[in-house]
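Subject: Handing over a structure

Hello,

Here is the structure I promised to pass on to you. Please have a look at it first, and then read on for what turned up.

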Amino acid sequence: MLSKRAGILAAALAAAGLLATAPAALAQVGSGNWTPDSPSFKVQEKGCGKVSDLTFTLSCSSDSGEQRAERRYDTYSGGTHQFEGYFKITSQSGSRISLKQTFHGDQGPFFMLAVEKGGRMYSVEGGQTISGGATVGTSVRVNTINQVGSTHKTYINGSLKHTTSSPGGDFYDKFGAYRTASGAGPITVTWDKIRFWHQ
């Protein structure tokens, strides 16, 4: 009898454990089955850009030259690829800084998510507003889904905010802090809970 009760208790604890981990496993957005990825990356620092683990700083207010502090992940071709991460701006006196990019191989930045001072997030290509709320001290969740040769979608805090066509070819993800052509620092941003999937 005790053995049967112990079995029931163990099953209940196991179920509780699964429930406790389910939200993290299902945090990605978009339909279908997703396979986790673990791409490697290289740190990129240029100008006044500095990287310390997942903290990215542009320490100067220069509005010229290349000022970047980023992680550049492995290249992929074909299929559907999802990035997920949470950023928090910890200090900002500059504006128009790109925080996340989907790069189109050797052809350059295909999609750039940037932030203005005050919290407006926008697409650098065309200037379309994507969302507000990226103020100093606020955590923002970003998901991008690139279906190569079809669509590129951007989600903010789990809601679809931007869709554009995706060409074929090679792509890779970057995030951190990068001065756009019309922007300038300083800014410090921390990223957290970085994950990737494909299908």
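Let me start with a charge and a ring: Arg72 lies over the face of Tyr172, at 3.5 Å from the ring centre. There is another case of this kind, in which Lys193 sits over the face of Tyr86, 4.9 Å from the ring centre. Please keep in mind that this is a predicted model.

Now for the overall picture. The protein chain has 16 strands and 1 helix. Of its 199 residues, 42% are buried. If you take the contacts between residues at least 6 apart in sequence, 66% of them join residues at least 24 apart. The chain exposes about 9,700 Å², and 52% of that is supplied by carbon and sulfur atoms.

Next, the inside. The largest nonpolar core has 31 residues, and those with the most contacts inside it are Phe56, Phe87, Val142, Val189 and Trp191. Which elements give two or more residues to this core? They are β4 (55-58), β5, β7 (80-92), β8, β9 (109-115), β12 (139-147), β15 and β16. Val189 is a good residue to click on here. Leaving aside neighbours within four places in sequence, Val189 is in contact with ten residues you can look up, including Leu54, Phe56, Phe87, Ile89, Leu99 and Ala177. Apart from the largest core lies another core, of 5 residues, among them Val29, Trp34, Ile145 and Trp197.

The aromatic rings deserve a look of their own. A search of the whole structure finds 12 aromatic pairs. One of them is formed by Tyr73 and Phe196, a tilted pair with 4.7 Å from centre to centre and 45 degrees between the planes. Tyr73 lies in strand β5 (residues 68-73) and Phe196 in strand β16, so this pair ties together parts that are 123 residues apart in sequence. Are these two residues buried or exposed? Tyr73 is buried because its relative accessible area is 4%, under the 20% cut-off, and Phe196 is buried too, at 8%.

Phe175 and Trp191 make another pair: their ring centres are 5.1 Å apart and their planes are at 50 degrees, so this pair is tilted. Phe175 belongs to strand β15 and Trp191 to strand β16, so the pair ties together parts that are 16 residues apart in sequence. Both Phe175 and Trp191 are buried. These four residues also appear in one aromatic cluster, formed by Phe41, Phe56, Tyr73, Phe83, Phe87, Phe175, Trp191 and Phe196.

Finally, a few details of the backbone. The peptide bond from Gly185 to Pro186 is cis, with omega near 0 degrees. You will find Pro186 in the loop between β15 (170-184) and β16 (187-198).

Arg96 has a phi near 60 degrees, a positive value in a residue other than glycine. Arg96 is found in strand β8 (residues 95-103), and it counts as partly exposed because its relative accessibility is 25%. Asn157 also has a positive phi, near 50 degrees, and is likewise a residue other than glycine. Where does Asn157 lie? Asn157 is in the loop between β13 (151-156) and β14 (159-165). With a relative accessibility of 48%, Asn157 counts as partly exposed.

Happy browsing, and all the best!

Key:
Residues numbered from 1 in each chain as written. Predicted model: local features only at pLDDT ≥ 70, side-chain atom pairs only at ≥ 80, totals over all residues. Heavy atoms only, no water. Helix = DSSP H or I, 4+ residues; strand = E, 2+ residues; numbered from the N terminus. Buried < 20%, exposed > 50% of the residue type's maximum accessible area, 1.4 Å probe, protein only. Phe/Tyr/Trp six-rings, centres within 6.5 Å; stacked < 30°, edge-to-face > 60°. Lys NZ or Arg CZ within 6 Å of the ring centre and 35° of its normal. Contact = heavy atoms within 4.5 Å. Areas by Shrake-Rupley, 256 points an atom, 1.4 Å probe, with all protein chains shown as cover. Core = buried A, V, L, I, M, F, W, Y, C linked by side-chain atoms within 4.5 Å.
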